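Me: I should like to go through this structure contact by contact. Please reason each answer through and finish on the value or name requested.

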Amino acid sequence: LSPGGIIGVTSFQTNEWMNILFETIRELRKDEPTRPSTFPDPKNWGSHDGVRKHLEKAGFKEVTTRDVESFIQVDDPTWFMDAFVKARNPGIADHLADFDDAELNVLCDKYAENIISRHPETPRRLRGVAIAATGRK
């Protein structure tokens, strides 16, 4: 960015779709710990202080952060399984690395079941809270 340029970033603090996915993985693989993600610095990007520190370290000033509530609507779990799980979204790819196709199908079935059990009525809206941050170069 040029001097004076503004950056805007978002990073999730928490989200229900990931929480339910990790609970489902633990349910299916009771004896295996959940792997730490190698997705870029997930713990430090999940707090206001962490996001602020990263932006300031990169030379941004006037850094602000705020919470933004968001939702993913999952009325059709099949669509969500295809778009999020089977497509191996980068945020979950490490956790699914050793799942073969048959295991991935079992995971998707159980994950969909767990989503529906928590949200039996439609619209099925899974809640997340993101950190929205801005800074000036």
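Me: What covers the buried residues of helix H1?
Reply: The model is a predicted one. In H1, the buried residues are Glu16, Trp17, Met18, Ile20, Leu21, Phe22, Thr24 and Ile25. Their cover includes both strands and helices: strand S1 (6–15), strand S2 (61–73), strand S3 (125–136), helix H3 (77–86), helix H4 (93–96) and helix H5 (101–118).

Me: What is the reach of helix H1 from its first C-alpha to its last?
Reply: Helix H1 spans residues 16–28 and has 13 residues. At 1.5 Å a residue, 18 Å is expected. The model comes close to that expectation, with a reach of 18 Å.

Me: How many residues apart in sequence are Arg118 and Glu23, which form a salt bridge?
Reply: The closest N and O atoms of Arg118 and Glu23 are 2.1 Å apart. Arg118 belongs to helix H5 and Glu23 to helix H1, so the pair links distant parts of the chain. The separation is 95 residues.

Me: Are Arg118 and Glu23 buried, partly exposed or exposed?
Reply: A residue is buried under 20% relative accessible area and exposed over 50%. Arg118 has a value of 40%, and Glu23 has a value of 32%. Because both values lie between the two limits, Arg118 and Glu23 are each partly exposed.

Me: Which residue of helix H1 meets Lys110 in a salt bridge?
Reply: Lys110 lies in helix H5, and its partner is found 83 residues away in helix H1. The N to O distance of this salt bridge is 3.0 Å. The partner is Glu27.

Me: Is Lys110 buried or exposed, and what is the state of Glu27?
Reply: The limit for a buried residue is under 20% relative accessible area. Lys110 has 19%, and therefore counts as buried. Glu27, at 31%, counts as partly exposed.

Me: Which residue is linked with Glu27 and Lys110 in a network of salt bridges?
Reply: The side chains of Lys110 and Glu27 meet in a salt bridge. A network of salt bridges links these two with one further residue. That residue is Glu113.

Me: Where does Arg29, the salt-bridge partner of Glu103, lie?
Reply: The closest N and O atoms of Glu103 and Arg29 are 3.2 Å apart. Glu103 is in helix H5, and Arg29 is 74 residues away in sequence. Glu103 is partly exposed at 32% relative accessibility, whereas Arg29 is buried at 12%. Arg29 lies in the loop between H1 and helix H2 (48–57).

Me: How many salt bridges does a search of the whole structure find?
Reply: Arg118 with Glu23, Lys110 with Glu27 and Glu103 with Arg29 are among them. The search of the whole structure gives a total of eight.

Me: How many aromatic pairs are found in the whole structure, and what is the geometry of Trp79 with Phe80?
Reply: A search of the whole structure finds four aromatic pairs. The ring centres of Trp79 and Phe80 are 6.1 Å apart, and their planes meet at 35°. This pair is therefore tilted.

Me: Which parts of the chain does the pair of Phe80 and Tyr111 tie together?
Reply: Phe80 and Tyr111 form a tilted pair, with 6.1 Å from centre to centre and 50° between the planes. Both residues are buried. Because Phe80 lies in one helix and Tyr111 in another, the pair ties together parts 31 residues apart in sequence: helix H3 and helix H5.

Me: Which residues do ring pairs link into a cluster?
Reply: Phe80 pairs with Tyr111, and Trp79 pairs with Phe80. The cluster linked by ring pairs consists of Trp79, Phe80, Phe84 and Tyr111.

Me: Over which rings do Arg125 and Lys137 sit?
Reply: Arg125 lies 3.8 Å from the centre of the ring whose face it covers, that of Phe71. The charged end of Lys137 is 4.7 Å from the centre of its ring, that of Phe60.

Me: What is the distance of the polar contact between His119 and Glu16?
Reply: His119 is in the loop between H5 and S3. Leaving aside neighbours within four places in sequence, His119 is in contact with Glu16, Arg124, Arg125 and Leu126. The side chains of His119 and Glu16 are joined by a polar contact of 2.8 Å.

Me: Which residue's backbone oxygen does the side chain of Ser11 reach?
Reply: Ser11 is in strand S1 and is buried, with a relative accessible area of 14%. Beyond residues up to four places away in sequence, Ser11 touches Trp45, Gly46, Val51, Ala130 and Ile131. At 2.5 Å, the side chain of Ser11 reaches the backbone oxygen of Trp45.

Terms used. Residues numbered from 1 in each chain as written. Predicted model: local features only at pLDDT ≥ 70, side-chain atom pairs only at ≥ 80, totals over all residues. Heavy atoms only, no water. Helix = DSSP H or I, 4+ residues; strand = E, 2+ residues; numbered from the N terminus. Expected span 1.5 Å × (residues − 1). Buried < 20%, exposed > 50% of the residue type's maximum accessible area, 1.4 Å probe, protein only. Contact = heavy atoms within 4.5 Å. Salt bridge = Lys/Arg side-chain N within 4 Å of Asp/Glu carboxyl O. Phe/Tyr/Trp six-rings, centres within 6.5 Å; stacked < 30°, edge-to-face > 60°. Lys NZ or Arg CZ within 6 Å of the ring centre and 35° of its normal. Polar contact = N/O pair within 3.5 Å; in protein donor to acceptor, adjacent residues only side chain to side chain.
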